[in-house]
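Biologist: Please take a close look at the inside of this protein. I would like the packing and any enclosed empty space in one account.

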Amino acid sequence: MFSKMYSFTHITRNISNGNRYGYENSFLIAGAGALLCSLGYSQLPETLDTRKIEQTPSQRQFSVSAWWKDVRPILTNPNQQGLIALACLFPLRFSCFSTAVALHASSVGNCGPKELGMMFTVLALCQGLGTPVGAMIADRVKGTKKKIIVPAYLLSTFAFAATAFSTDQSHFLISMAVQGCFNALAQPSIGAFTAEITPSRIRGQALSMQRQASSLIALCGPISLGLLVDATSCQTVILGTSISMAALSGVYAWRAQYDLDSETKTTTATTTTSKK
């Protein structure tokens, strides 16, 4: 459900584009929308709950060494390594979208704000419509779900690489549609595998590791790829990013293994270090 809402938010965002309202007004509209989302979040019952949570003395104390003892079993776990690799794929792709792909589409396809917005609208629309199908498939496949995630992401990566050879807006739209469809098949399986393989006691820390890796790519990716575009070309950067995306899928295929015993050991190790 979250994936569907996220995708359709992208659709409405991209339809409301700079060509229609002007660049400055588009920024104001986006800012107002973000403000409304924040105000809505502030009114949730969980947010308004002001009850104090009792903490043990060990929970009140924080040190880098204690934090490292908690997260080290997570970082050395093969399943979590594979999931962290997949978490880097999404920001890497969109870093390239915002730099090399956008410049390439503007150069060879004469795409302006409206055309670029339509590209991302098609991506989000296909992803939103395909997510229920991906969720049904995820529920029927047990284990690491590699047979869904790896082929879907590799085919999506191939479609992404095809944008380097696109010369018309229709080519870009087809590529974005294919990416959206295969991403829709993979993402529910990733979420399901994460929930199945990560014990509740360490789920927050495990997800934070994925988020930190993703945020690092989102921080460094656009500027790094922008510099590479200036040094080489848009096509070279798109193909190089595609190879990196395929490599991340390969890391998941290599490291992920459905071994609940290893996860139990990870939980035990984390709990033991926390008590100490």
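Modeller: Here is the interior, core before cavity. The model is predicted, so local features need pLDDT of at least 70, side-chain atom pairs count only at pLDDT 80 or more, and totals for chains, interfaces and linings use all residues. Residues are numbered from 1 along each chain as its sequence is written, and side-chain values use heavy atoms, without hydrogens and water.

The largest nonpolar core holds 45 residues. Such a core is a set of buried Ala, Val, Leu, Ile, Met, Phe, Trp, Tyr and Cys residues joined through side-chain atoms within 4.5 Å; buried means under 20% relative accessible area, with a 1.4 Å probe and protein chains only. Helices H6 (64-75), H7 (78-108), H8 (113-140), H9 (146-162), H10 (169-197), H11 (203-231) and H12 (234-255) each supply at least two of its residues. Helices are DSSP runs (H or I, at least four residues), numbered from the N terminus. H7 gives the largest share, 13 residues.

Cys96 and Tyr252 have the most contacts inside this core. Beyond its neighbours within four places in sequence, Cys96 touches Val101, Phe160, Leu225, Val237, Ile238 and Thr241 (contact: heavy atoms within 4.5 Å).

Now the empty space. A cavity is a set of points on a 1 Å grid over the protein atoms alone where a 1.4 Å probe fits but cannot get out; lining residues have an atom within 4 Å of a point. There are 2 cavities of 30 Å³ or more. The second largest has a volume of about 30 Å³, the space filled by probe spheres set on the points. Its lining is Leu89, Phe90, Arg93, Tyr153, Asn183 and Gln187. H7 gives the most, 3 residues.

How values were computed. Buried means under 20% relative accessible area, exposed over 50%, partly exposed in between (1.4 Å probe, protein chains only). On a 1 Å grid over the protein atoms alone, a cavity is a set of points where a 1.4 Å probe fits but cannot get out, and a pocket is an open set with protein on both sides within 12 Å along at least five of seven lines; lining residues have an atom within 4 Å of a point.
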